[in-house]
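Please open the structure in a viewer and keep the selection panel at hand. The tour below proceeds from the whole chain to single pairs of side chains.

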Amino acid sequence: MSLNSLRTLARRVVPVLLVTQVVLLPSQSASAAQHVVRPCAVSAGCGSVVVAPVSQEPPARGDCTSPEPVVCLIRSETPQEREIARGQRMRYHALLEDMERTKCAMRSEGRSEEDVARTLVQMRNDAKDVVRAGMTPDQIAELEARNQKKYGNPLGPTADQLHLKYGSWEKVSEAATRSSAAVDRELGLEFRHCSCDARQAA
């Protein structure tokens, strides 16, 4: 595939692929909003951390050495486009932090692991829906068709589908707040999880 073809593909597909990994902060559902607590202090080391500058290398030519499709597409972007992708990724990390705060608050209230997992999955799906408002009709159609084919749901996997895959509600919660280290690293970022105890201490 030529460089021009790859870059055209990247401009069309990167925003779509990053939806499942890079999303805007959600308008929280009523059930999730009541569990939001004070953000984690910077000293606690939670959330999105910049560990390296965005690569200033020109768009990559030739075969990609990464097994991660999103990483390959980021490498095909210009430095300016990578900066935009990093901003999107950091907003995704902010969503993960919000979800982790919600998880800690719900557990402290004695809510069941199923309630926690279902709330986190809903928050993530709500966030994907918000992202669609800033996408082109073609991108929305492509993403929804992919999700519909894979999950039978245009927003992505349901909590029940994830429970069937992972076998426990705790693992569903873990999966819902997961961040791809390879994508983070490509954008000079690291997402640092904080335990509920660390958040409470902060």
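Begin with the whole chain, coloured by confidence. This is a predicted model, and the protein chain has an average pLDDT of 79, with 73% of the residues scoring at least 70. Next, select residues 30-33, which form helix α2; among the elements of the chain, this helix has the lowest mean pLDDT, 38. Then move to helix α7, residues 159-166, where the mean pLDDT is the highest, at 96. Widen the first selection to residues 19-43: pLDDT stays under 50 over this stretch, for which the model has 65 contacts beyond four places in sequence.

Now switch to a cartoon view. The protein chain contains 10 helices and 2 strands. Followed along the sequence, these elements give the pattern α-α-β-α-α-α-α-α-α-α-β-α. Among contacts between residues at least 6 apart in sequence, 79% join residues at least 24 apart.

Turn on the surface. The accessible surface of the protein chain is about 10,500 Å², and carbon and sulfur atoms account for 53% of that area. Of the 202 residues in the chain, 44% are buried.

To look at the interior, hide the surface and select Tyr92, Leu95, Leu96, Met99, Met106, Val116, Leu120, Met123, Ala127, Ala176 and Phe191. These 11 residues form the largest nonpolar core. Two elements give two or more residues to this core: α4 (79-108) and α5 (113-132). Helix α4 supplies the largest share, 5 residues. Apart from this core lies another, of 8 residues, including Ile74, Ala85, Leu187 and Leu189. In general, nonpolar side chains tend to be buried together in soluble globular proteins.

Select helix α8 next, residues 169-176. Which residues of this helix are buried? They are Trp169, Val172, Ser173, Ala175 and Ala176. These residues lie on the same side of α8, because they cover an arc of only 165° around the axis. Ala176 also belongs to the largest nonpolar core.

The final stops concern charged side chains. The whole structure holds 10 salt bridges. Side chains of opposite charge can pair when their charged atoms come close.

Select Asp184 and Arg89 for one such salt bridge, with an N to O distance of 2.5 Å. This pair links distant parts of the chain, since Asp184 lies in helix α9 (residues 181-186) and Arg89 in helix α4, 95 residues apart. Are these two residues buried or exposed? Both Asp184 and Arg89 are buried.

Continue to Arg107 and Glu113, which form a salt bridge with their closest N and O atoms 2.9 Å apart. Arg107 is partly exposed, at a relative accessible area of 32%. Glu113 is likewise partly exposed, with a value of 23%.

Within helix α5, select Arg118 and Glu114, whose side chains meet in a salt bridge at 2.9 Å, N to O. The two residues are 4 apart, about one turn of the helix. In an α-helix there are 3.6 residues a turn, so residues three or four places apart point the same way. Arg118 has a relative accessible area of 32% and Glu114 has 31% relative accessibility; Arg118 is therefore partly exposed, and Glu114 also counts as partly exposed.

End the tour with Glu97, Asp98 and Arg101 selected together. Salt bridges that share partners join Glu97, Asp98 and Arg101 into one network.

Terms used. Residues are numbered from 1 along each chain as its sequence is written. This is a predicted model: local features need pLDDT of at least 70, side-chain atom pairs count only at pLDDT 80 or more; totals for chains, interfaces and linings use all residues. Side-chain values use heavy atoms; hydrogens and water are left out. pLDDT is the predictor's confidence in each residue, from 0 to 100. Contact means heavy atoms within 4.5 Å. Buried means under 20% relative accessible area, exposed over 50%, partly exposed in between (1.4 Å probe, protein chains only). The arc is that of the directions from the helix axis to the C-beta atoms. Accessible areas come from the Shrake-Rupley method with a 1.4 Å probe; for residues, only the protein chains shown count as cover. A nonpolar core is a set of buried Ala, Val, Leu, Ile, Met, Phe, Trp, Tyr and Cys residues joined through side-chain atoms within 4.5 Å. A salt bridge is a side-chain nitrogen of Lys or Arg within 4 Å of a carboxyl oxygen of Asp or Glu.
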